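Hi there,

Here is the structure I promised to pass on to you. Have a look at it first, and then read on for what I found.

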2 protein chains.
Amino acid sequence: MKLPELQTPCLLLDEAKLRHNIEAMHRRLARPGVAFRPHLKTAKSLDVAQIAMTAPGGPAMVSTLREAEYFADGGVRDMIYGVGIAPAKLQRVSAIRRRGVDLAIILDSVAQAEAVARHASAGGDSVPALIEIDGDGHRSGAAPGDGATLVAIGRALETGGAELRGVLIHAGGSYALSDPEALAAAAEAERLAAVTAAGTLRAAGLACPVVSIGSTPTACFARNLDGVTEVRAGVFMFGDLYQAGVGAVALDDIALSVLCSVIGHQRAKGWILVDAGWMAMSRDRGTANQAVDQGYGLVCDATGRIFGDLVLVEANQEHGIVALRPGSAAVLPDLPVGTQLRILPNHACATAAQYDRYHVLNGGDDVTAVWSRINGW
Amino acid sequence: MKLPELQTPCLLLDEAKLRHNIEAMHRRLARPGVAFRPHLKTAKSLDVAQIAMTAPGGPAMVSTLREAEYFADGGVRDMIYGVGIAPAKLQRVSAIRRRGVDLAIILDSVAQAEAVARHASAGGDSVPALIEIDGDGHRSGAAPGDGATLVAIGRALETGGAELRGVLIHAGGSYALSDPEALAAAAEAERLAAVTAAGTLRAAGLACPVVSIGSTPTACFARNLDGVTEVRAGVFMFGDLYQAGVGAVALDDIALSVLCSVIGHQRAKGWILVDAGWMAMSRDRGTANQAVDQGYGLVCDATGRIFGDLVLVEANQEHGIVALRPGSAAVLPDLPVGTQLRILPNHACATAAQYDRYHVLNGGDDVTAVWSRINGW
């Protein structure tokens, strides 16, 4: 199938760029004793997972139990569910684990550890748990220097027959950076917080085999991985305008785009209307706070060549307004009704979630495969 | 099934509020010669459509051809596809029409009209088309005073054997308002633009049976419907915080919410972590530009009672941060890990699109039904 045969909007995935991004990350992290655990929350696709994982059974990271179930169906056997556990989800966790999947959970409080311990002793499933560490104050996690809490969590788990698997940190604060030195410093701070917490637990006599760090920016800019046993990253596979703004991917390496069609013009305003609105792109406007605001996306021709300064400046549910960036000296291209365009997304995780499949390209405009993906919880 | 048995996050729909909102709209628009054409793009659910439509076969409005196919499967026989037609979609339009569905399209240019006419004469399907009118400069549409373009579009359709069904306008600019008088004025401007365009077409000897207007704000505030044959509105059924900010729905009438669970705390910061992030709420931050910024959503207890000043202040993919509104004098409630909360969304269309089903409540905390919905194109 060729691009002109596709109904728009639809999601395109350039397999060559995907493989390039993944191979670069595998090379970057190829160090003795350090595993790579790709986060599958961006792609939510078994086809992509099989390229991203270093082995067919994992390791891998998931953001929902629905993902854990789906990837378990696909043969993945080593996963961490990366959202602090709500006790009501433990039965579902154990149901997945009973299928032979080493599914671990994360938590950051004694209350959760006690709930996990009660679940373990009642049901006989010693659910492995990692303590989430908060290194940069952006979200959840126990403070790396709060030894009392860390040890209390570890003891609550072990006393109840659950398993303390290790510590896990995500430097979400790194998303706000763009200077390579600052990113390297964020990566080192992330590593240090995790290693410090692990050291505290071990000093208290608790086993802490896993020290898991990662985010796309810090995985790209980390120099030192001493004491780290695994690195996680997800959005780097597809790349997006936000990560390009951070400097974690090159614009030309963005593998994901939305194919749309021109449906009209408001010529006096310099507007080109397309059938990709926020439903097709997501409402994500993350680049609004970066040095270059990409609107709802950066516009390319149907072959993927970026136009100078042409962005999706506004989006309604199914309508997008393409126009030149404010202040641009470029000339608005003449794009008749029916012209196909590709739009690079601000945030691959959010845009991909608006779709149930990827139309896979490999360089040209032939669709070489259709890969399904899941959504929901 | 009771709420505590649901896995979070999930989408709740209060059927009593839904019916209340729909009945109020039906009463408001009950005037001789004026049909109500509910927009099904918010709900994308046949169960909701059957409550919203005035008859099982329609009329109804859709935002994608996927919706048109789905609702055709469910027996809807009178629909308008409300996004300017791309010529490559005409084959799909005619395939739906061959099933006995009166599916009409919209357009705003001679180029589109000529493409429709070519399609009509080549395939024998006289696809009915409405000319989209731009009354407030917010998006697509021909200018209501541009008689030359309007008549040229009409003639291009009729000459080629397609059907000029009428004119259609959507006062999207009304979303930025909140003063009742300004909203009434926007509704009158919308009506006048549509009626003017219809008059121009008729004066040129072109049939223009349908004069279709509408948006939730203008449908709620219109006083005069002279010359109008139908009114459209969609988001009013569910309501949301944005429409509450406009004044088109009451906070207490919002029928849609996201059920989530507390998964942690950062007590020093006054943060409560929940398992509803932007994937559960959407990235929509529409209320950021209104008088009351509701963050990513307004927090209620599990019964739907709104807490004072408690909002989802930040959202990552699967994590939400609940905190008091900046400057609030309220006391942060004590909500232990595992507590269920409901979050009212900024934008019902965007939030509902993150799910494939509604858990339907009818007053209490019993789930009385599960209604499926569709997404995609």
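Of the contacts in chain A with a separation of 6 or more, what percentage comes from residues 24 or more positions apart? The figure is 66%. Before going further, please keep in mind that this is a predicted model.

**Chain A as a whole**

Chain A is built from eleven helices and 17 strands. Its C-alpha atoms occupy a box of roughly 70 × 40 × 35 Å along the principal axes. The radius of gyration of chain A is 22 Å, which agrees with the value near 21 Å for a compact globule of 377 residues. Of those 377 residues, 62% count as buried. The area that chain A exposes is about 12,600 Å², and carbon and sulfur atoms supply 53% of it. On the charge side, chain A carries 33 positive and 39 negative side chains, with the centres of the two sets 3 Å apart.

**Where the two chains meet**

How many residues does each chain bring to the contact? Chain A gives 53 residues and chain B gives 53 residues. Together the chains bury about 4,300 Å², and 55% of that is on carbon and sulfur atoms. In chain B, the residues that lose the most area to chain A are Gln7(B), Arg139(B) and Trp377(B), which together make up 18% of what that side buries.

**A helix in chain A**

Helix α4 of chain A spans residues 90-97, and six of its eight residues are buried, so the helix is largely enclosed by the rest of the structure. Which residues are they? The buried ones are Leu90(A), Val93(A), Ser94(A) and Ile96(A), together with two arginines, Arg92(A) and Arg97(A). The elements that cover them include the helices α3 (65-73) and α5 (110-123) as well as the strands β5 (102-107) and β6 (128-133), again in chain A.

**A buried serine in a strand**

Ser257(A) sits in strand β10 of chain A, which runs over residues 256-266. With a relative accessibility of 4%, Ser257(A) falls under the 20% cut-off and therefore counts as buried. Setting aside neighbours within four places in sequence, Ser257(A) is in contact with two runs of residues: Cys10(A), Leu11(A) and Leu12(A), and then Arg342(A), Ile343(A), Leu344(A) and Pro345(A).

**Two loops on either side of β8 in chain B**

The loop between α7 (180-203) and β8 (210-213) of chain B holds Ala207(B), while Gly214(B) belongs to the loop between β8 and α8 (216-221). Buried or exposed, where does Gly214(B) fall? Gly214(B) is buried, at 2% relative accessibility, whereas Ala207(B) has 44% and counts as partly exposed.

Leaving out residues within four places in sequence, Ala207(B) is in contact with Glu158(B) and Leu164(B). For Gly214(B), with residues up to four places away not counted, the list is Ile169(B), His170(B), Ala171(B), Glu190(B), Val231(B) and Arg232(B).

Each loop residue also has a partner that is distant along the chain. Ala207(B) and Gly154(B) are 53 residues apart in sequence, with 8.8 Å between their C-alpha atoms. Gly214(B) and Pro38(B) are 176 residues apart along the chain, and their C-alpha atoms are separated by 9.6 Å.

**Backbone points you may want to look at**

Most residues other than glycine have a negative phi, and most peptide bonds are trans. Here are the exceptions I noted.

- In chain A, the peptide bond from Thr8(A) to Pro9(A) is cis, with omega near -5 degrees. Pro9(A) lies in the segment before β1 (10-14).
- In chain B, Thr8(B) and Pro9(B) are joined by a cis peptide bond with omega about -5 degrees. The place of Pro9(B) is in the segment before β1 (10-14) of chain B.
- Ser282(A), which is not a glycine, has a positive phi of about 85 degrees. This serine is in the loop between α10 (278-281) and β12 (298-301) of chain A, and Ser282(A) counts as buried at 5% relative accessibility.
- Ser282(B) has a positive phi too, near 80 degrees. Ser282(B) lies in the loop between α10 (278-281) and β12 (298-301) of chain B and is buried, with a relative accessible area of 5%.

Happy to talk it over whenever suits you.

Best wishes

Methods: Residues are numbered from 1 along each chain as its sequence is written. Chains are lettered from A and ligands numbered from 1 in the order in which they are written. Side-chain values use heavy atoms; hydrogens and water are left out. Helices (H or I, at least four residues) and strands (E, at least two) are DSSP runs, numbered from the N terminus. The radius of gyration is taken over C-alpha atoms; the globule rule is 2.2 Å times the number of residues to the power 0.38. Buried means under 20% relative accessible area, exposed over 50%, partly exposed in between (1.4 Å probe, protein chains only). Contact means heavy atoms within 4.5 Å. Accessible areas come from the Shrake-Rupley method with a 1.4 Å probe; for residues, only the protein chains shown count as cover. Lys and Arg count as positive and Asp and Glu as negative; His and the chain ends are not counted. The place of a charge is taken as NZ of Lys, CZ of Arg, CG of Asp or CD of Glu. Buried area is the accessible area (1.4 Å probe) that two parts lose on being put together, summed over both.
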